[in-house]
Amino acid sequence: MTEDFYCDEVLSGKTPVNKVLETENVLAYYHTRPFYPVHIVAIPKKHISSLITLEESDDGLMLDLMGVIKKVAAMVTEENGACRVITNLGNYQESKHLHWHIVSGKPLR
Ligand SMILES: [Zn+2]
């Protein structure tokens, strides 16, 4: 796995993904190697390292990102009755590109 899977593989188009929702600035798609029965990832198309490196100039992008997360989470909750929205930081964050997991069900592994 590369340091930045999202820029290197997903946004470059190298790894094809099944899109759930897309805006000018944000992409949500089904995880390519899901670790929950329902596992969607939402990412900004612009490179941002993590939640805690967001800057004030990213406010508009963050609002767009949250809008997408909200819609996807509403859809997952409607279909499954429960949903969790997660972003990892520090040693918990494998790929150093801000990404949000929108998941439902018991972990697969
Ligand atoms: Zn990136």
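# Notebook: a zinc site, salt bridges and a surface patch

**Entry 1. His 47.** I began with His 47, whose relative accessibility of 39% places it in the partly exposed class. I note at the outset that the model is a predicted one.

**Entry 2. The zinc ion.** I next looked up which protein atoms serve as donors of the zinc ion. I found His 47 among them, through ND1, together with Asp 4 (OD), Cys 7 (SG) and His 97 (ND1). These donors lie 2.0 to 2.2 Å from the zinc ion. I then asked what arrangement the four donor atoms form. The angles they subtend run from 94 to 130 degrees, and the arrangement is therefore tetrahedral. For reference, I wrote down that the ideal angle for four tetrahedral donors is 109.5 degrees.

I also recorded the spacing of the donor residues along the sequence, which reads D-x2-C-x39-H-x49-H. Within this set, Asp 4 and His 47 link distant parts of the chain, being 43 residues apart. I located Asp 4 in the segment before helix H1 (5-11), and His 47 in the loop between S3 and H2.

**Entry 3. Accessibility at the site.** Is Asp 4 buried or exposed? Its relative accessible area is 11%, so I entered Asp 4 as buried, the limit for that class being under 20%. Cys 7, with 25%, is partly exposed.

**Entry 4. Cysteines.** I searched the whole structure for disulfides and noted a count of zero. Cys 7 has its SG among the donors of the zinc ion. I looked up Cys 83 as well, and its relative accessible area of 29% makes it partly exposed.

**Entry 5. Salt bridges around Glu 22.** How many salt bridges does the structure hold? I recorded three. In one of them, Lys 19 and Glu 22 are joined through their side chains, with a distance of 3.1 Å from N to O. Glu 22 also forms a salt bridge with Lys 45, where the closest N and O atoms are 2.8 Å apart. This second pair connects distant parts of the chain, since Glu 22 belongs to strand S1 (residues 19-22) and Lys 45 to the loop between S3 and H2, 23 residues apart. I therefore entered Lys 19, Glu 22 and Lys 45 as a network linked by salt bridges.

I checked the accessibility of two members of this network. Glu 22 is partly exposed at 40%, and Lys 45 is partly exposed at 29%.

**Entry 6. The salt bridge of Asp 58.** Which residue forms a salt bridge with Asp 58? I found Lys 46, with the closest N and O atoms 2.5 Å apart. Both residues are in the loop between S3 and H2, twelve residues apart. I then compared their accessibility. Asp 58 has a relative accessible area of 6% and is buried, whereas Lys 46, with 46%, is partly exposed.

**Entry 7. Val 26 and Lys 46.** I followed Lys 46 to another residue, Val 26. The two are 20 residues apart in sequence, and their C-alpha atoms are 8.3 Å apart in space. Val 26 is part of strand S2 (residues 26-30). Its relative accessibility is 0%, so I entered Val 26 as buried.

**Entry 8. Ile 102 and Ile 69.** I looked up Ile 102 and found it in strand S5 (residues 100-104). Ile 102 is buried, with a relative accessible area of 0%. From C-alpha to C-alpha, Ile 102 and Ile 69 are 7.5 Å apart in space, while 33 residues separate them in sequence.

**Entry 9. The surface patch.** Which residues make the nonpolar surface patch of about 250 Å²? I recorded Leu 51, Ile 52 and Leu 89. I then checked Ile 52 in particular. It lies in the loop between strand S3 (38-44) and helix H2 (59-80). Its relative accessible area is 66%. I entered Ile 52 as exposed because this value is over 50%.

**Entry 10. The loop between S3 and H2.** Reading back, I saw that this loop recurs in several entries. It includes His 47, a donor residue of the zinc ion. It also includes Lys 45, which bridges to Glu 22, and the pair Asp 58 and Lys 46. Ile 52, of the nonpolar patch, lies there as well.

Terms used:
Residues numbered from 1 in each chain as written. Predicted model: local features only at pLDDT ≥ 70, side-chain atom pairs only at ≥ 80, totals over all residues. Heavy atoms only, no water. Patch = residues over 30% accessible without salt bridge, like charges linked within 9 Å, V, L, I, M, F, W, Y side chains within 5 Å. Areas by Shrake-Rupley, 256 points an atom, 1.4 Å probe, with all protein chains shown as cover. Salt bridge = Lys/Arg side-chain N within 4 Å of Asp/Glu carboxyl O. Helix = DSSP H or I, 4+ residues; strand = E, 2+ residues; numbered from the N terminus. Buried < 20%, exposed > 50% of the residue type's maximum accessible area, 1.4 Å probe, protein only. Donors = N, O, S within 2.8 Å, 3.2 Å for Na, K, Ca; no water. Tetrahedral: all angles 85-135°; square planar, octahedral: opposite > 155°, others 65-115°. Disulfide = S-S within 2.5 Å.
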